[in-house]
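Trainee: I've just opened this one and I'm a bit lost. Could you pick one part and walk me through it slowly?

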Amino acid sequence: MPGVSLNGALRRVPPGAVYLLGLLPLAWIVWLTLSGGIGVDPVKGIEHRLGKVALWFLVGGLAITPLRRITGLNLLRYRRAVGLLGFGYVAAHLLAWVVLDMGFLWAQAAADLVKRPYLLLGITGFALLVPLALTSNTASVRRLGRNWRRLHWLVYPAVSLGVLHYLMQMKVISSEGWIWAAVLAGLLGVRLVLRFRGRLGVLWADAG
Ligand code: HEM
């Protein structure tokens, strides 16, 4: 397997390093804002960049298990950091909308939600991520036992809603949008195949 040789080197990289690296996009967005390089519409510039970084982390998090199964590259111990970074960027993206775009005007925010239904998909995706972020600590993993896995299955609908929200906010879906949709569909497909094969394996073992 091509990824296995990298596993030894990765053993020396602590998950904390991923959190630090994950803050670089935020530092970059802050820098662009302060230096005036964020674009003609700074609010949109900030909002869009935060949403895009969130997508990278959330979809990246979904890729960790298939990557291990297919290439042998084991990034499992970074999955919590990647997921929490994704959640953090979605929260910052939502905050940018509430504070910078809507200026805390709740009636305006409600009107915006009615006018742009894809925002509701984004909010639902975010809401599904909240219990996952809250139970991502080791104590919750122990306390919830088998239910932890069941609960964390929600990451699939949550990220799918995030991608759908991203596609729907485009007037015409760009080639980049199609790529994100294809990557998500591929990851969900691989996950289904792995699960199906696992079930078949159990059936065969039972029959044997
Ligand atoms: C899983 C959750 C979410 C993900 C992955 C996500 C991701 C994205 C992405 C990638 C974009 C487009 C960026 C670009 O074109 O460069 C976007 C746009 C946007 N998102 Fe989200 N988002 C999520 C949730 C939310 C939530 C909760 C809100 C707040 C209501 C929100 C508000 C917006 C807005 C206002 C835009 C810009 C739309 C426009 O310019 O017309 N998103 N989002």
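Mentor: Let's start with Leu-23, which counts as partly exposed because its relative accessibility is 45%. That label sits between buried, under 20% relative accessible area, and exposed, over 50%, using a 1.4 Å probe and protein chains only. Before going on, keep in mind that this is a predicted model, where local features need pLDDT of at least 70 and side-chain atom pairs count only at pLDDT 80 or more, while totals for chains, interfaces and linings use all residues. Residues are numbered from 1 along each chain as its sequence is written, and side-chain values use heavy atoms, with hydrogens and water left out.

Leu-23 sits in the loop between α2 (15-22) and α3; helices here are DSSP runs of H or I with at least four residues (strands are E runs of at least two), numbered from the N terminus. On the surface, Leu-23 joins Leu-20, Leu-26, Val-30 and Leu-34 in a nonpolar patch with about 500 Å² of accessible area together. Patch members have over 30% relative accessible area and no salt bridge; nonpolar side chains (Val, Leu, Ile, Met, Phe, Trp, Tyr) are joined within 5 Å, and like charges within 9 Å. The areas come from the Shrake-Rupley method with a 1.4 Å probe, and for residues only the protein chains shown count as cover. Helix α3 (residues 24-35) is the top contributor to this patch, with 3 residues.

Now over to the part I'd like you to look at closely: Asp-101, in helix α5 (residues 79-101). At 21% relative accessibility, Asp-101 also counts as partly exposed. Its side chain meets that of Lys-44 in a salt bridge, 3.6 Å from N to O. Lys-44 belongs to helix α4 (residues 42-71) and Asp-101 to α5, so this pair ties together parts 57 residues apart in sequence. For a salt bridge, a side-chain nitrogen of Lys or Arg has to be within 4 Å of a carboxyl oxygen of Asp or Glu. Lys-44 is partly exposed too, at 30% relative accessible area.

Who else touches Asp-101? Setting aside neighbours within four places in sequence, its contacts (heavy atoms within 4.5 Å) are Val-43, Lys-44, Glu-47, Ala-96, Gln-108 and Arg-116. Take Glu-47: it is 54 residues from Asp-101 along the chain, yet their C-alpha atoms are separated by 8.5 Å.

Arg-116 is worth following as well. Its side chain forms a salt bridge with Asp-112, at 2.7 Å from N to O. Shared partners in salt bridges also join Asp-101, Lys-44 and Glu-47 into one network. The structure has 4 salt bridges.

Arg-116 leads us on to the ligand, too. A side-chain N or O atom of Arg-116 is 3.0 Å from a ligand oxygen. The ligand is surrounded by 19 residues, the closest being His-48, His-93, Arg-116, Tyr-118 and His-165, where surrounding means a heavy atom within 4 Å. So Arg-116 turns up in the contacts of Asp-101, in a salt bridge with Asp-112 and beside the ligand.

Key. A polar contact is a pair of N or O atoms within 3.5 Å; within protein, one must be able to donate a hydrogen and the other to accept it, and residues adjacent in sequence count only if both atoms are side-chain atoms.
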